[in-house]
Amino acid sequence: MFSNYLARPCRYFPAQCTVVKFLHTSPVKCSSVELTQIRYSNLKRGNYTSLADKHVSFFESLLSKTRVLTDKSDVESYNVDWLKTMRGASKVVLKPKSTEEVSEILKYCNDNVLAVCPQGGNTGLVGGSVPVFDEIVISTVLMNEIISINKTSGVLVCQAGCVLENLEAEVTERGLVMPLDLGAKGSCHIGGNISTNAGGIRLLRYGSLHGSVLGVEAVKADGTVVDCLSTLKKDNTGYHLKHLFLGSEGTLGIVTKVAIQCPPKPQAVNVAFLALDSFEKVLATYRLARSCLGEVLSSFEFMDRDSLMVAVTGLKLKSPVPEDTPFSLLIETSGGNSDHDEAKLSLFLEQATNKGFINDGTLATEPSRIKMLWDLREGITQSLTMDGYVYKYDISLPMEHFYDIVSIMKERLKGTSFIRCCGYGHVGDGNLHLNVTAPSFDRDLLDLIEPFVYEWTAKHRGSVSAEHGIGFKKTSVVHFSKSAEALKLMAQIKAIMDPKGILNPYKVLPSDPH
Ligand code: FAD
Ligand code: 2HG
Ligand code: ZN
């Protein structure tokens, strides 16, 4: 039966289907996004110096005029986040090219108490990458040099502003692969990835960035360059300071260079897209996949019907499974030997079918078809923005409670202005993306979702932010996942590294509700 299954052509995708290009956000114009300081009007601007002509003159003398943006229309897109839910009022964007320039900028800002907002690809989903008030934007867009790729050790060293997809292309040519991958790869910067400790679709296989990042160079608020750019796998010489910059979202320093361990590129990749009729069967299939696929299992991604259908509609693709399928899985294997991997996958699919876990599905081995299946999974985020406003929750939960909150939330929101309430994510990492959409921002709807969703998550011993970070949007809920003592230590570390609080203020550290 399964040789047929494997040989079966994909019924749903025409071979000539055009490649989908991501990261066009919703049609909402930047200028129509409500200013963050108005939407969150109880938030007070910190006691920072306001930008004056003399500051701009200094930056122009340091970087030249072309790398200091002050024209309102040039600055606009740097003020607005990818989701078009936050708009800062910064008047200047700086584009350094080197660590030395970042150091000079920060020293000057620190001396003059000018607040700054570091920005990479601006694909963050928690409002961390854009100013809240008038913070100076420091963009890493021109810090995009690859310094070295060592084919023997697999270590890549590069500047923080390299786009993830470009790095993937470069290391691929040397028989390597980046240890992380995410839907925003065409825009996000490696420095942004490190600063958010991004997870993504390869974490199941290669682990978190805390393992693959060997070294980091960062600049502290006062301009001091902290060189922790080790390329060694083993280096137990005191405190592991690089970890402070992983996931600190620009509040402790600006990451300028990184050293990353890249694994060998897998020779064979297969993707199965499967239809299931209950969440219990999703979990049973996960257990089976782990035991049958072992070391070749590289992704185990999940989406409910509403998530899949929003991508199918948004991307104008056909669904690879029947449209009324309650739950779908995208399972990827990658390994060194295609015969070996296909044999494992066949056995897994055969068992999953015989046990009645899966109802339907398709298998892809050709790169173009694999890409189309991944496009559907990765296109959900973008497609959801077409509804208007997206309330986004990125939680991790014990497996047995993984999907409960989606059903509970749907029930809770009945009769309100919500359009869609759906769940998808990285089952293998226990990471659920709960998304609620509405035509526009609605405070009453928000109050119905929050803090309920966070209280529920904490009650079930989950995390209120699995992979997207805290940014601006979750500062008032960090306490659900961190003890008071841990939060106090975080504040002490911040005070040591950035005593004037100029680095990405209003982000990460707990605040009053806003
Ligand atoms: P930005 O958005 O520019 O910044 C993010 C934060 O890092 C901000 O706080 C910013 O101040 C700080 N920062 C940026 N660069 C630096 C630097 N050099 N030094 C210090 N601080 C810095 N995230 C996941 O974890 N997994 C996913 O699967 C995933 N998929 C996504 C799919 C889509 C379509 C989109 C739009 C986003 C997705 N994200 C995902 C979220 C986002 O892409 C990640 O958080 C990413 O790591 C952000 O990188 P960036 O360069 O865009 O950073
Ligand atoms: C993903 O896994 C990203 O696709 C985005 O982390 C999740 O849109 C989201 O909520
Ligand atoms: Zn994700």
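## The zinc site

In this predicted model, the zinc ion (ligand 3) takes its protein donors from His-426 (NE2), His-433 (NE2) and Glu-467 (OE), at 1.9 to 2.1 Å. Written along the sequence, the spacing of these donor residues is H-x6-H-x33-E. His-426 and Glu-467 bring distant parts of the chain together: His-426 belongs to strand β15, while Glu-467 sits 41 residues away in the loop between α18 (452-459) and α19 (484-497).

Are these two donors buried or exposed? His-426 has a relative accessible area of 3% and Glu-467 one of 12%. Buried means under 20%, so His-426 is buried, and so is Glu-467.

## Strand β16, home of His-433

Let's turn to the strand that carries His-433. This residue points from β16 (residues 431-438) to one side along with Asn-431, Asn-435 and Thr-437. Leu-432, Leu-434, Val-436 and Ala-438 point the other way, and both sets are buried. Because 8 of the 8 residues of β16 are buried, the strand is largely enclosed by the rest of the structure.

## The neighbouring strands

What does β16 pair with? Strand β14 (residues 389-396) runs antiparallel to β16 and is joined to it by 8 bridges; here Tyr-393 has Leu-434 as its bridge partner.

Strand β15 (residues 420-426) also pairs with β16 in the antiparallel sense, over 7 bridges. The zinc donor His-426 stands opposite Asn-431 of β16. Together β15 and β16 make a hairpin with 4 residues between them, and Gly-430 in the turn has a positive phi of about 65°.

Methods: Residues are numbered from 1 along each chain as its sequence is written. Chains are lettered from A and ligands numbered from 1 in the order in which they are written. This is a predicted model: local features need pLDDT of at least 70, side-chain atom pairs count only at pLDDT 80 or more; totals for chains, interfaces and linings use all residues. Side-chain values use heavy atoms; hydrogens and water are left out. Buried means under 20% relative accessible area, exposed over 50%, partly exposed in between (1.4 Å probe, protein chains only). Helices (H or I, at least four residues) and strands (E, at least two) are DSSP runs, numbered from the N terminus. Two strands pair if DSSP finds at least two bridges between them. Donors are N, O and S atoms within 2.8 Å of the metal (3.2 Å for Na, K and Ca); water is not among the atoms, so sites may look incomplete.
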